[in-house]
Every structure is written in structure tokens, then in C-alpha cells.
Amino acid sequence: MGEPRYLQAECAFRPGAHTVRVTLTRSTLRVEVEAHGTNDLWRGEFDATFIEDLTRKTGNFKQFGIFCSMLESALTQSSDSVSLELLTFTDLETLHSRKVGAITRPPPSTSSPLNTKRYLILVYSVEFDRIHYPLPLPYAGQPDLVALVRELQEQLGQLRARRLEETQHLRDAGCQMHCEPFFPPSQLAQAKASEQKLQLRVKNLTAELASCRRGRQKSASPAPCAQERRSASLESHRSSRGRPSPKSLSPAGSRPQRFDPTAFVRARQRRQKEAELRK
């Protein structure tokens, strides 16, 4: 584990669908769980010492690298021996009480930080026993889209760089196969599988990044102002009639019409005649 590795999986836990993201380095493990319905986040970072102490307390010790491999197998569902669960503090206490036969303690108050925590449980099933490794995840609020997009862009750049390296490795391996008949084919198959896995990861991250950007644009675009709506409505009205509206304003800079006394007198006489005829 020289450089960071990023894993992501959609998991159907009992409270509902969640996204689990894991970042693995040589000596640290970062876990993030996001609820689909509420976008709530729970996040925790653990070093090798914490993980090994955690496994030691369960009575089934695992080295940090072995534990990370088990977690990866649970995310990819590549082994029937490991699986994942997401529990609250009350769920965890109930599970512990059933295991040791103790009385269940009352749940913590709603204001307690324990009530907002979640525990990602790595379940290791062996013959006649099930070992639970709980990873405590404090509540981290709701995701910051700007920070999430920035993080995804960084991960995407690193994965693309790795994919280019793997592609170059495949080309070199292909050249060696033509030049050397005893080149082991297992190395080429492993490189191809690694490239396919990286391509799938890049595709998933690209889709997630596009989704985040659409959410940001939707939340940031303001509603059109009333003046713009009135202008659009007026323009549509003029276009539908094919001629300018008689009530349209005069162009900017045009002078008002002069008062014509002769026309005023004639109009008044015409109105008087019309009134007499009506009578």
C-alpha cells in the first residue's frame, strides 16, 4: 500500500441505502458513510495501532494490512466470510449484551454524542463463530459539495495517472511476450484485471462528480426576476401578433408630439356631433 487506494460501494443496510467510501494508505484507514435519503455523513480515521488494538480486544487479532484486505473483500463482496453492517450505539449495546448475556442498558439521551454516532461493523464469519469489528464513526453533518467535488477531482486525477501507468505496463508486457517466449502470462492477466478495475473506478467517480456539479448548479441558479419575466411575456405577445404593441414605449431619445390646436378643436366638434346624434 505505497500510495492511497480508494474504494466505494453501495450498501443496503437496515436503515436504508448508504454509500461507503474507504481510503487506504500504508498506516491509516479512513471510512466515510453517507445516507442516501438524508445525505447525512459519518466519518472516521484510524491508524494501524487503533485497528490492531480493536481486533485484539475481540479475541481474534488481525494485523492492519490483513484487516484492510478483509474490509476490501467485504466492500467488493468477493468473500462469503466477511460482510458489513451499520449500527447505532443502542444496536451495538444490544448486540454486546446478547453475546455476553448481560442486561441491556438504557439507551443514551438524544443530546448525547453517542446517539449520533454510527458503527460500521466488519463481520468475520468463521466456523461456529462470528467476530464483530466495530469502527466508530462520529457524525460529520451533511457533505460540502465544493469540498467533495475537489476531493473527487483529486482522486480522479490520481486514478487516471495510474491507468496510464498500467496501460504502458501492458504495452511493455506485450512486447516482451513477442520477444521472449517464456514470459509468464499470469503477470499480463493481472495487469489487465487491474486496468479494468481502475477504468470502472474512474467511470464511477466521473458519474458522481457530474451528479455533484448538477446539484450545485441547481442550488445556485436564481429564479428569473419579475422584470425579465415581464419582458419575456411582452416579447412573446408581440411575436404572436406579428406587429408591435400599440402601448409600447417610444424609442429612447424620441421627442414627444407637439400640441395641435386645430386638431384639438376638430376632435371636440366631432364628439359634440356624435353626442347630439345619440340623443
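1. Aromatic pairs. This predicted model holds 4 aromatic pairs. One of them joins Phe67 and Tyr133. Their ring centres are 5.7 Å apart, and the planes meet at 85°. That makes the pair edge-to-face. Phe67 belongs to helix α2 (residues 64–76) and Tyr133 to strand β7, so the two rings tie together parts of the chain that are 66 residues apart in sequence.

2. Burial of that pair. Are Phe67 and Tyr133 buried or exposed? Phe67 is buried, at 0% relative accessibility. Tyr133 is buried too, and its relative accessible area is 0%.

3. Another aromatic pair. Phe89 and Tyr119 form a tilted pair. Here the centres are 6.4 Å apart, with 40° between the planes. The pairing limit is a centre distance within 6.5 Å, and planes from 30 to 60 degrees apart fall in the tilted class, so this pair qualifies on both counts. Phe89 sits in helix α3 (residues 89–100), while Tyr119 sits in strand β6 (residues 118–126). The pair therefore ties together parts that are 30 residues apart in sequence. Phe89 is buried, with a relative accessible area of 17%. Tyr119 is also buried, at 8%.

4. The open sheet. In what order do the 5 strands of the open sheet stand? The order is β1-β2-β3-β4-β8, and the pairing is antiparallel. The edges are held by β1 (5–13) and β8 (139–141). Each has a single partner strand, so one side of each is left without a neighbour in the sheet. From one strand to the next, the twist averages 25°.

5. Details of the sheet. β1 and β2 run antiparallel and are joined by 9 bridges. For a place to look, find Tyr6: this residue stands opposite Thr23 in β2. Helix α1 (residues 48–57) lies across β3 and β4. The angle between α1 and β4 is about 95°.

6. Salt bridges across the sheet. The structure holds 6 salt bridges. Among them is the bridge between Glu32 and Arg21, with the closest N and O atoms 2.8 Å apart. Glu32 lies in strand β3 (residues 28–35) and Arg21 in strand β2 (residues 16–24), so this bridge ties together parts that are 11 residues apart in sequence. Glu32 also meets Arg43 in a salt bridge, at 2.8 Å from N to O. That bridge links β3 to strand β4 (residues 41–47), where Arg43 lies. Glu32 and Arg43 are 11 residues apart.

7. Burial around Glu32. Charged side chains can be checked for burial here. Glu32 is buried, with a relative accessible area of 7%. Arg21 is buried as well, at 14%. Arg43 is partly exposed, at 29%. The cut-off for buried is under 20%, so Arg43 falls outside that class.

8. A salt bridge elsewhere. Arg130 and Glu85 meet through their side chains, 3.7 Å from N to O. The limit for a salt bridge is within 4 Å, so the pair counts. Arg130 is in strand β7 (residues 129–137) and Glu85 is in strand β5 (residues 82–87). Their bridge therefore ties together parts that are 45 residues apart in sequence. Both ends are partly exposed: Arg130 at 40% relative accessibility, Glu85 at 26%.

9. A shared network. Which residues do salt bridges with shared partners join into one network? They are Arg21, Glu32, Glu34 and Arg43. Glu32 has already appeared above with two of these residues, Arg21 and Arg43.

10. Cysteines. How many disulfides does a search of the whole structure find? The count is 0. A disulfide would need two cysteine sulfur atoms within 2.5 Å, so no cysteine pair meets that limit. Cys11 is buried, with a relative accessible area of 15%. Cys68 is buried at 2% relative accessibility.

How values were computed:
Residues numbered from 1 in each chain as written. Predicted model: local features only at pLDDT ≥ 70, side-chain atom pairs only at ≥ 80, totals over all residues. Heavy atoms only, no water. Helix = DSSP H or I, 4+ residues; strand = E, 2+ residues; numbered from the N terminus. Buried < 20%, exposed > 50% of the residue type's maximum accessible area, 1.4 Å probe, protein only. Pairing = 2+ DSSP bridges. Axes fitted to C-alpha atoms, helices over the stretch in contact; angles between N-to-C directions. Contact = heavy atoms within 4.5 Å. Phe/Tyr/Trp six-rings, centres within 6.5 Å; stacked < 30°, edge-to-face > 60°.
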